[in-house]
Amino acid sequence: MAAWRGFEKFEGRAPLRAWLYRMAASRLNAWREAGRGSVGQRPAGAFTLPAPIRLGEPLWLEPYPDALLDGLPEEAPGPEPRYEMTESISLAFVAALQHLPPTLRATLVLRDVIGFPAAEVADILDRSESTVTSDLRQARTTLTVHLRTSESERPPLPGSPCERDLVARFVAAFERGDIEGIATLLTDGVWLTTPPLPFEYQGRAAAARVLSAIVFRGGTREFRLVATRANAQPAFGCYLKDLQAPIARASGLIVLTLAGDRISGLTRFVDNNVLLHFGLPPTLYE
């Protein structure tokens with residue numbers, strides 16, 4: 001509504017989406033500042049939010065259903081290739097790719113993801129082999145800067161007992177609205193993001209506060225999770241229960257990034273349209 005009312009102020013000197021996100025950030029900051037007033041000045045049910053650790057450029061990141069991937073081989077030659085293939089389609093990797101210039105991005109994907117030799121990549125991109133090698137080195141360096149340091153610990157293999165146990169504990173805690181239980185599953189440096197919004201929160205305490213205030217609304221909301229997979233990571237269709245009727249309505253998609261036996265990333269896609277790509281319905285009936 002604020003954007004609609006103030007649209008005449010948009011001068012077109014920057015992309016429209018950047019202007020919209022700056023306005024959203026301004027509104028969030030205003031709400032947070034209002035929440036710092038005395039309790040007597042706040043309306044019932046008001047809450048405070050931690051300040052985002054980062055307010056980056058919006059990344060047009062969307063989850064990709066594992067069902068549409070060619071899939072990892074059933075019998076990989078060893079754990080190293082399997083991990084490399086998994087990491088090359090993770091949300092963190094895809095998000096970090098968007099920080100690379102087009103040529104570096106193409107070089108990295110062709111060399112490190114698809115596995116083409118340098119000579120073939122040089123032919124595809126019409127560049128010399130030495131230039132491709134230099135571009136690849138630069139792309140890897142840039143990518144390392146943008147990848148989360150808390151994700152350096154490798155995740156368990158898809159479908160492994162460790163992954164199944166961690167996912168089961170997360171689902172149980174989330175569906176009973178147990179913020180403390182969810183927090184115990186998170187790494188100290190966990191990142192919580194909600195693409196395409198640019199707000200990024202880091203740390204177990206910050207993630208718990210955001211979940212409590214925004215997702216569970218102080219314990220007034222209940223959810224049901226439907227398991228799926230996105231980008232070779234555990235994911236869930238999120239459904240908000242109607243406390244007056246035996247139905248639950250779509251409330252986005254959650255993708256987990258795992259690190260060892262903990263969760264290092266919670267990515268919550270707020271657009272319900274992404275559920276369609278996973279074959280998930282808009283409504284569940286109990």
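Here is a walk through this structure, from the overall picture to its strands and then to a spot on its surface.

Before anything else, keep in mind that you're looking at a predicted model. How confident is the predictor in it? The mean pLDDT of the protein is 80, and 74% of the residues reach 70 or more. That confidence isn't spread evenly: helix 9 (residues 179–183) has the highest mean, at 97, while helix 3 (residues 79–87) has the lowest, at 50. Over residues 71–83 the pLDDT is below 50, and the model gives this stretch 13 contacts beyond near neighbours in sequence. Another stretch to treat with care is residues 36–46, where pLDDT stays under 50. For residues 36–46, the model has five contacts beyond four places in sequence. Where pLDDT is low, don't read the predicted coordinates in detail.

Now zoom out. The protein has 286 residues, and 41% of them are buried. Its secondary structure comes to ten helices and eight strands. If you count the contacts with a separation of 6 or more, 58% of them are between residues 24 or more positions apart. As for the outside, the accessible surface comes to about 15900 Å², and carbon and sulfur atoms account for 55% of that.

Let's follow some strands, beginning with strand 4 (residues 223–230). It runs antiparallel to strand 5, and eight bridges join the two. For one example of who faces whom, find V226: its bridge partner in strand 5 is G237. Strands 4 and 5 form a hairpin with two residues between them. In that turn sits N231, which has a positive phi of about 55°.

Is strand 5 (residues 233–241) mostly buried or exposed? Seven of its nine residues are buried, so the rest of the structure largely encloses it. Strand 5 has a partner in strand 6 (residues 247–259) as well: these two pair in the antiparallel sense over six bridges. This time the hairpin connection runs through five residues. Look for A235 here, as it stands opposite V255 in strand 6. While you're looking along these strands, here's a handy general idea: in a regular strand, side chains alternate between the two faces of the sheet.

Keep going and you reach strand 7 (residues 262–269), where seven of the eight residues are buried. Strand 6 and strand 7 run antiparallel, with seven bridges joining them. L253 stands opposite F269 of strand 7. These strands form a hairpin too, with two residues between them. G260 is in the turn, and its phi is positive, at about 65°.

Which way does strand 7 pair with strand 2 (residues 186–193), parallel or antiparallel? The answer is parallel, over four bridges. To see one of the pairings, find L186, whose bridge partner in strand 7 is I263.

Finally, let's head to the surface. F7, L16 and L20 form a nonpolar patch there, and together they have about 260 Å² of accessible area. L20 belongs to helix 2 (residues 16–34). Why does L20 count as partly exposed? Its relative accessibility is 37%, and the partly exposed class lies between the buried cut-off of under 20% and the exposed cut-off of over 50%.

Note on methods
Residues are numbered from 1 along each chain as its sequence is written. Side-chain values use heavy atoms; hydrogens and water are left out. Buried means under 20% relative accessible area, exposed over 50%, partly exposed in between (1.4 Å probe, protein chains only). Two strands pair if DSSP finds at least two bridges between them. Patches are made of residues with over 30% relative accessible area and no salt bridge: like charges are joined within 9 Å, nonpolar side chains (Val, Leu, Ile, Met, Phe, Trp, Tyr) within 5 Å. Accessible areas come from the Shrake-Rupley method with a 1.4 Å probe; for residues, only the protein chains shown count as cover. A salt bridge is a side-chain nitrogen of Lys or Arg within 4 Å of a carboxyl oxygen of Asp or Glu. pLDDT is the predictor's confidence in each residue, from 0 to 100. Contact means heavy atoms within 4.5 Å.
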